[in-house]
2 protein chains.
Amino acid sequence: MNEFELIHHYFKQRYSDAAGSASGISLGIGDDAAVLQPTLGCQTVVAVDTLVSGVHFPENASAYDIGWRSLAVNLSDLAAMGAVPRWFTLALTIPSINKDWLQAFSAGLFGCAQDYNIKLVGGDTTAGPLTLSVQVVGEVADGNYLTRSGAREGDSVYLTGHIGDAMAGLGIMQNRYSAGGTQREYLLNRFMKPTPRIEAGLALSRLASAAIDISDGLVADLGHIAKASQLSAQLQLDKIPVSNPLIELLSRGTAQQLALSAGDDYEICFTVSSEKEQQLPGVFEKLQLNYSRIGEMKPGTGVSVLGENGTQVSDRSTGYQHFS
Amino acid sequence: MNEFELIHHYFKQRYSDAAGSASGISLGIGDDAAVLQPTLGCQTVVAVDTLVSGVHFPENASAYDIGWRSLAVNLSDLAAMGAVPRWFTLALTIPSINKDWLQAFSAGLFGCAQDYNIKLVGGDTTAGPLTLSVQVVGEVADGNYLTRSGAREGDSVYLTGHIGDAMAGLGIMQNRYSAGGTQREYLLNRFMKPTPRIEAGLALSRLASAAIDISDGLVADLGHIAKASQLSAQLQLDKIPVSNPLIELLSRGTAQQLALSAGDDYEICFTVSSEKEQQLPGVFEKLQLNYSRIGEMKPGTGVSVLGENGTQVSDRSTGYQHFS
């Protein structure tokens with residue numbers, strides 16, 4: 001099977017199934033480039049993320065999960081912008097053609113694509129060490145996007161869902177933690193099959209003053225909001241939302257401490273002014289999604305964390321760094 | 001230097017220099033995603049290409065040339081669509097942080113970006129084996145794009161510039177050919193610093209019936225036009241345009257034979273109806289670019305090549321395959 005047959009078999013067929021008149025695809029896979037029809041009155045939102053085997057996921061990860069995760073982490077960037085997912089491309093580097101692997105990988109990739117209504121419009125397949133680079137294209141109504149720089153003094157800091165789970169899931173895959181049954185399954189899925197908070201991002205796009213997704217860790221990512229907004233952020237350790245499976249694994253206190261610097265949860269951290277805060281319960285009830293008030297934006301720089309007694313716990317957690 | 005400082009130092013500064021009010025960049029590098037302003041009355045054109053060290057270029061390639069080439073080969077896809085380059089993202093996987101390498105790489109990348117007026121709007125830097133995945137975004141006036149599928153029976157087949165040079169340049173880098181002086185320099189540059197035919201693509205967008213860029217080899221790439229257009233293509237071997245430096249290296253006959261299946265030249269192969277053919281001299285004189293009539297579209301399937309005496313030379317050249 002050569003490269004052209006490979007692309008056709010695993011990717012173009014599914015693309016054809018997915019494309020429809022509402023897809024905005026004037027010309028899809030199979031030419032030198034895709035031609036897309038932007039929506040009138042919308043801006044185009046573009047993000048790219050690369051996953052390297054052994055760096056961003058363990059080498060024993062399943063092909064299905066790798067497919068899902070490579071798209072999901074990119075969708076999370078669109079969520080943090082308040083954008084609607086539209087189209088994506090895939091640059092796939094694989095050591096060799098393994099039909100079972102490709103079958104499972106494409107099932108995971110297109111499973112995620114279908115759930116979030118985003119269409120594959122192009123790609124490139126090369127031989128080399130397993131590396132996946134996905135670029136997503138979304139749309140926002142003109143000017144209606146979330147940034148990292150819009151937080152104001154006195155804004156509350158919020159977080160969707162729970163954090164720390166993905167770090168535990170990775171630890172289980174690497175045999176650093178042991179867990180069984182539904183606890184194990186939940187934590188593994190939180191690492192390998194993160195849920196991009198697209199709906200939350202859309203709902204927050206007219207409500208939040210700033211937003212970011214948690215990929216490198218809460219303190220590091222909130223630090224980006226603080227820096228871009230020329231403020232500091234003060235977190236309360238006992239408000240950090242951790243899940244029951246994580247508490248069972250680590251105890252609540254340890255879970256909250258580790259969750260400060262754990263990455264890969266892909267929840268949305270956002271800031272909201274006091275005038276708009278009252279709208280949050282209605283929004284999140286409709287989304288059926290947990291959310292927590294975890295701190296406040298203050299003058300100054302950096303991110304500080306207060307313990308239950310009001311003393312500063314840490315201001316040095318820096319999150320995941322790809323190089324050090 | 002951590003990842004954030006790395007990105008800032010080598011890429012964001014130059015991005016800031018390059019961005020201007022006409023750039024269409026509402027929000028650039030430094031948030032979760034870039035926000036771009038599409039041009040009214042235009043469609044969006046998207047392509048992605050990955051270059052793996054040791055696969056798509058020899059490991060002894062210079063960092064400057066790698067930077068140039070990684071963008072140029074993607075721009076070539078926009079050229080083949082007749083699109084105007086606008087924005088690009090870079091997914092850069094590098095084994096470690098080498099400041100000299102990054103300095104030279106970014107100089108090559110932005111040198112090419114400046115020449116073709118395209119702006120970096122986002123990226124991702126990861127640790128791993130040297131791999132570069134570039135996605136380019138261009139624009140075409142609504143409906144005014146070139147495809148592979150528009151060739152008609154009787155259309156002439158044309159080619160910009162010369163082909164086969166890049167194959168020889170790669171051979172020199174790999175010590176399979178020897179050349180010196182300006183001949184060596186010319187052939188090396190034709191491999192490592194290909195010229196995307198953006199201006200030609202734009203000029204052809206209302207003239208050509210079909211187009212493709214030569215990345216995998218003339219016979220393979222013209223085969224895509226033939227297949228997509230449900231026709232065959234007949235080439236004349238003695239019309240294949242080869243450069244003087246290549247003729248000096250190989251003799252004309254051998255050069256033309258090898259050029260049939262040699263990839264990486266990034267010239268544009270296009271088809272034109274007899275009614276529009278007469279416009280070509282004026283167009284290419286303005287572009288100051290060589291072009292050659294090399295064959296004709298016929299009923300049937302596949303690509304055949306006729307020698308000087310009219311006998312069929314080959315119909316089995318299949319071009320470069322990433323896997324076999």
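## A tour of chains A and B

Begin by selecting strand β4 (residues 84-94) of chain B and strand β6 (residues 131-141) of chain B, which run antiparallel and are joined by 9 bridges. Strands here are DSSP runs of E with at least two residues, helices are runs of H or I with at least four residues, and both are numbered from the N terminus. Two strands count as paired if DSSP finds at least two bridges between them. Within this pair, pick B:L92, whose bridge partner in β6(B) is B:L132.

A word on the model precedes the next stop. The model is predicted, with local features requiring pLDDT of at least 70 and side-chain atom pairs counting only at pLDDT 80 or more, while totals for chains, interfaces and linings use all residues. Residues are numbered from 1 along each chain as its sequence is written, and chains are lettered from A and ligands numbered from 1 in the order in which they are written.

**The sheet across the two chains**

Extend the selection to the 6 strands of the open sheet, in the order β1(A)-β2(A)-β3(B)-β6(B)-β4(B)-β5(B), with mixed pairing. At its edges, β1 (25-27) of chain A and β5 (119-127) of chain B each pair on one side only. Ignoring direction, neighbouring strands of this sheet are turned by 25° against each other on average. Add α2(B), which packs on the sheet, touches β3, β4 and β6 of chain B, and makes about 30° with the direction of β6(B). Axes are lines fitted to C-alpha atoms, for helices over the stretch in contact, and angles run from 0 to 180 degrees between N-to-C directions.

Next, select strand β3 (residues 42-52) of chain A and strand β2 (residues 34-36) of chain B, an antiparallel pair joined by 3 bridges. Here A:T44 stands opposite B:L36 in β2(B).

**Two helices of chain B**

Show helix α2 (residues 63-81) of chain B with helix α3 (residues 99-115) of chain B: their axes come within 6 Å and cross at roughly 35°. The crossing of α2(B) past α3(B) is right-handed, meaning that the near helix is turned clockwise from the far one by less than a right angle. Residues to label include B:W68 and B:L71 in α2(B), and B:W101, B:F105 and B:L109 in α3(B). By class, this contact of α2(B) with α3(B) holds 13 nonpolar, 5 polar and 1 charged residues. Ala, Val, Leu, Ile, Met, Phe, Trp, Tyr, Cys and Pro count as nonpolar, Asp, Glu, Lys and Arg as charged, and the others, Gly among them, as polar.

**The contact between the chains**

Now select the contact of the chains, which takes 54 residues from chain B and 54 residues from chain A; residues are in contact if their C-beta atoms, placed from the backbone, lie within 7 Å. On the side of chain B that touches chain A, strand β3 (residues 42-52) of chain B gives the largest share, 9 residues. That side comprises 26 nonpolar, 20 polar and 8 charged residues.

Superpose the chains: a turn of 180° and a shift of 0.0 Å along the axis lay chain B on chain A with an RMSD of 0.0 Å. The fit is by least squares on the C-alpha atoms of residues with pLDDT of at least 70 in both copies. The two copies are thus related as by a two-fold rotation axis.

**Domains of chain A**

Finally, colour chain A by its domain assignment, domain 1 (3-141) and domain 2 (156-314), the bounds coming from an automatic or database assignment. Taken over C-alpha atoms, their centres are 27 Å apart.

Note on methods
Two residues are in contact if their C-beta atoms, placed from the backbone, lie within 7 Å.
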